[in-house]
Amino acid sequence: MSGSGGGYSVPRKTLAELEKERAAKEEGEKFETELNKYIKELLKDINDRDVEGINRHLETLRNALEKDIEGYVDLKFGGSIMKNTYADGLSDVDMLVQINNSELAGAKPNDVLKFFSEQIKRRLPNTEVKIGKLAVTVKFASGHEVQLLPSVKTESGYRIARPGENSWSNVIKPKKFAEKLTSVNQANANKVVPLIKLMKKINASFPPHKQLSGYHIESLAIDAFKNATSVPKTYKGMVEHFCRHAEKAVLRPITDSTGQSVHVDNYLGGANSVERQRVSTTFKQLLKRIETANNTNSFSSWKSILEGE
């Protein structure tokens, strides 16, 4: 049956309007394809690191540290290299210096750091060596930076220095975190680790007081992509998803699963601190740049974001 009045007919789109929509859709798809292709090429450059040069530096440091002590020290890749999130020019080469059966095993962290610094300066007098709160950083003329984090062996495992204290930490479990990251990475077609490297590059363009630590970025990525069935699969989409997640997630502390400290982001203070709000605002501003670039299909704007300009 049909009657008069009361009905509402949705106006049909004109041929010109349909053609405009089709062209816009094709342009958007082409933009996404080209951008994801560019990101893959960018990741190749980020992954390019001087392995032989780094190994030479590490052997020199090992020889310097073992000289004049009883027993031996062992260098183990830690931080970003152990987790495969190292990016040339963006991440320090973190080395866990395991002290075994030597007189250093009974020393305080500050004394060990001082010993490391003196030994390295003696071997490399023209190389920049700095003592930090937890590690000794060695900056070579090649541009490579190596951080040496001392750890002492106990019956239950290794301990590192406590931040701000001249004492050793609880037993650390860096492999636990690495295994967790590996699991999330594999569940997301092995794209989370490359995404982390990409975010480290973007993060490096932020003002120093707004930058996140590499460990913090890795922890945020694990949380953001832990449910692989409900997250984007392209690098472009993953960058956007990470930024949306980080904008809110940085406002609250993340529990540290390695045992190094209570939280991975102690450096930002408590929940909703001024520091956390500042970082959250940075991601909000980044998301606005991304939205503008998407609305205009601007490849150059996205390139500026990804290259930290």
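The following paragraphs describe the nonpolar cores, one helix and one helix pair of a predicted model.

The largest nonpolar core contains 47 residues, and those touching the most other members are Met-199, Phe-225, Val-239, Phe-242, Phe-283 and Leu-306. Two or more residues each come from α1 (15–47), α5 (174–187), α6 (192–203), α7 (214–224), α8 (235–249), α9 (274–295) and α10 (299–306). Phe-225 illustrates how this core is connected: when residues up to four places away in sequence are not counted, Phe-225 touches Val-184, Asn-188, Val-192, Leu-195, Val-231, Met-238, His-241 and Phe-242. Another core, of 21 residues, lies apart from it and includes Val-97, Phe-115, Phe-116 and Val-136.

Phe-115 and Phe-116 are also among the buried residues of α4, together with Pro-109, Val-112, Leu-113, Ser-117, Gln-119 and Ile-120. Helix α4 comprises the 15 residues 109–123; at 1.5 Å a residue these should span 21 Å, and this agrees with the end C-alpha atoms, which are 21 Å apart.

The description now turns to α9 and α10. Their axes are 8 Å apart and the helices pack at an angle of about 155 degrees. Because angles over 145 degrees count as roughly antiparallel, α9 and α10 are roughly antiparallel to each other. The crossing of α9 past α10 is left-handed. On the α9 side, the contact involves Leu-286, Arg-289, Ile-290, Ala-293 and Asn-294, while α10 contributes Ser-301, Trp-302, Ser-304 and Ile-305.

The loop between these two helices holds Ser-298. Its relative accessibility is 14%, so Ser-298 counts as buried, the cut-off being under 20%. Neighbours within four places in sequence aside, Ser-298 is in contact with Phe-31 and Ala-293.

Note on methods:
Residues numbered from 1 in each chain as written. Predicted model: local features only at pLDDT ≥ 70, side-chain atom pairs only at ≥ 80, totals over all residues. Heavy atoms only, no water. Core = buried A, V, L, I, M, F, W, Y, C linked by side-chain atoms within 4.5 Å. Buried < 20%, exposed > 50% of the residue type's maximum accessible area, 1.4 Å probe, protein only. Helix = DSSP H or I, 4+ residues; strand = E, 2+ residues; numbered from the N terminus. Contact = heavy atoms within 4.5 Å. Expected span 1.5 Å × (residues − 1). Axes fitted to C-alpha atoms, helices over the stretch in contact; angles between N-to-C directions. Parallel < 35°, antiparallel > 145°, perpendicular 65-115°, else oblique. Left-handed = near helix turned anticlockwise from the far one by under 90°.
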